[in-house]
Amino acid sequence: MAALDRMLGLALDGAGADAAMLFLSEAPGARSRHCRATSGLAAAELDAVLKMLQGRPLPVVLPVHGGGSGAGAAGRAGGTCAAVAVREPDGAQRGILAVLSSKGHQQAPGVGELHRLQAVADLLGSELALRRELAETRQVAEALKARFERSQQDQEGLVRAIDHRIRNGLQMVNDMLSLQALSLGDTAAAARLDAAAGRVQAVAEAHAHLQRRPATGQVSVREYVALLLRRLQECRPEPGRTLTLQPAPDLAISALDAPRIGIIAWELLANALRHGRGHVEIALQPLPEASQLRIIVRDEGPGPDAATVAAASRRGSQGSGLGLIRLIAGGNAANVDPGPPPGVAITVSLRRPAG
């Protein structure tokens with residue numbers, strides 16, 4: 001509306017007229033979709049001007065007679081009405097721009113005044129075309145945005161369904177390994193199956209954790225490890241032994257790193273329960289400047305000696321729990337933390353910058 005008012009003001013200034021009118025319609029005789037006029041003209045007077053211009057070729061200058069013309073103040077005093085077509089750049093007519101003047105009604109406006117009025121009408125036609133194109137573009141953009149949002153929702157739903165099926169499959173594998181371990185008389189083989197079941201359980205919990213955050217693709221390492229602690233206590237309840245997570249700054253890790261960290265944490269905790277004594281605690285130390293995470297597990301037992309840990313780390317054998325941890329951690333060697341209490345520490349190289 002403000003743009004139309006500016007155009008009417010330009011028309012008045014250019015023609016030195018008393019009133020300006022804009023009729024937006026496809027043709028002079030068509031039903032007007034929008035009428036705009038300067039103050040001082042009533043709706044009936046606008047209709048009278050439009051009726052007077054109906055069927056006239058444009059541009060046109062008509063005398064306006066006083067009294068019965070019904071053309072407002074200018075009509076009552078007598079004067080002239082100059083009208084030009086409002087056309088878009090492609091030549092399509094959008095309406096009529098007219099001005100009324102009470103000055104010298106016996107003398108038609110000069111050619112210069114008509115040219116100025118036509119220039120205003122052409123500028124208005126270009127702006128109307130631009131506004132329509134912008135409106136159409138906005139509609140297309142909104143439709144594309146809605147389609148994208150629906151596609152994103154469908155994709156997120158598909159990811160959740162896939163994660164759910166993967167988690168169920170991993171849980172089934174974990175249960176089968178655990179049952180197989182219980183049925184074996186060979187203690188060493190049963191321990192290996194039990195350890196494998198724990199690693200599968202850690203990956204399953206990572207999928208479960210990601211299901212609750214499908215949009216970000218990131219996991220809070222503190223929340224994830226706390227979930228593993230609860231799951232480990234449920235799977236291997238031992239009276240008098242507790243598992244705790246030491247307070248530490250949180251770190252957001254990628255979905256690719258979560259299973260690796262889960263397997264390492266599960267392996268270290270399971271070893272502490274299997275070979276250590278008393279209370280077991282795990283500490284997480286983010287090293288953002290190096291995109292690394294240090295995991296330390298301690299218990300109240302004597303802990304492994306440094307030579308044993310170093311040998312297992314150097315071998316990198318999957319037959320050794322520490323060797324497997326070293327491979328998963330990105331080749332970083334495990335080392336003994338002297339404590340007290342003593343523990344085993346491993347530094348995990350992350351795939352993306354920390355923080």
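**Exercise 1. Work out how β3, β4 and β5 are put together**.

Start with β3, residues 60-64: five bridges tie this strand to β4, and the two run antiparallel. (Strands are DSSP runs of E with at least two residues, helices are runs of H or I with at least four residues, and both are numbered from the N terminus; two strands pair if DSSP finds at least two bridges between them.) Before going on, a word on the model: it is predicted, so local features need pLDDT of at least 70 and side-chain atom pairs count only at pLDDT 80 or more, while totals for chains, interfaces and linings use all residues. Residues are numbered from 1 along each chain as its sequence is written, and side-chain values use heavy atoms, with hydrogens and water left out.

Step 1: find a pair in the β3 and β4 ladder. Val61 sits opposite Ala82 in β4.

Step 2: move to the next strand. β4 pairs with β5 (residues 93-101), again antiparallel, over eight bridges. Arg87 has Gln93 in β5 as its bridge partner.

Step 3: look at the turn. The β4 and β5 hairpin has five residues between the strands, and Gly91 there takes a positive phi near 95 degrees. Most residues other than glycine have a negative phi, and most peptide bonds are trans.

Step 4: check the cis bond. Leu58 and Pro59 are joined by a cis peptide bond, with omega about 0 degrees. Pro59 belongs to the loop between α2 (43-53) and β3.

**Exercise 2. Sort the faces of β3 and decide how covered β4 is**.

Step 1: recall the rule. In a regular strand the side chains alternate between the two faces of the sheet.

Step 2: apply it to β3. Val60, Leu62 and Val64 make up the covered face, while Val61 and Pro63 are on the uncovered one.

Step 3: turn to β4, residues 79-87. Eight of its nine residues are buried (under 20% relative accessible area; exposed is over 50%, partly exposed in between, with a 1.4 Å probe and protein chains only).

**Exercise 3. Compare the surroundings of Thr347 and Thr242**.

Step 1: place Thr347. This residue is in strand β12 (residues 343-349) and counts as buried because its relative accessibility is 14%.

Step 2: list its partners. Beyond neighbours within four places in sequence, Thr347 is in contact (heavy atoms within 4.5 Å) with Leu287, Gln292, Leu293, Arg294, Ala329 and Asn332. The side chains of Thr347 and Arg294 also make a polar contact at 3.0 Å. (That is a pair of N or O atoms within 3.5 Å; within protein, one must be able to donate a hydrogen and the other to accept it, and residues adjacent in sequence count only if both atoms are side-chain atoms.)

Step 3: do the same for Thr242. This one lies in the loop between α6 (221-235) and β7 (243-245), and at 39% relative accessibility Thr242 counts as partly exposed. Outside the four-place window, Thr242 is in contact with Gln233, His279 and Val280, and its side chain makes a polar contact with that of His279 at 2.5 Å.

Step 4: add the spacing. Thr242 and Gly278 are 36 residues apart in sequence, yet 7.5 Å apart in space, C-alpha to C-alpha.
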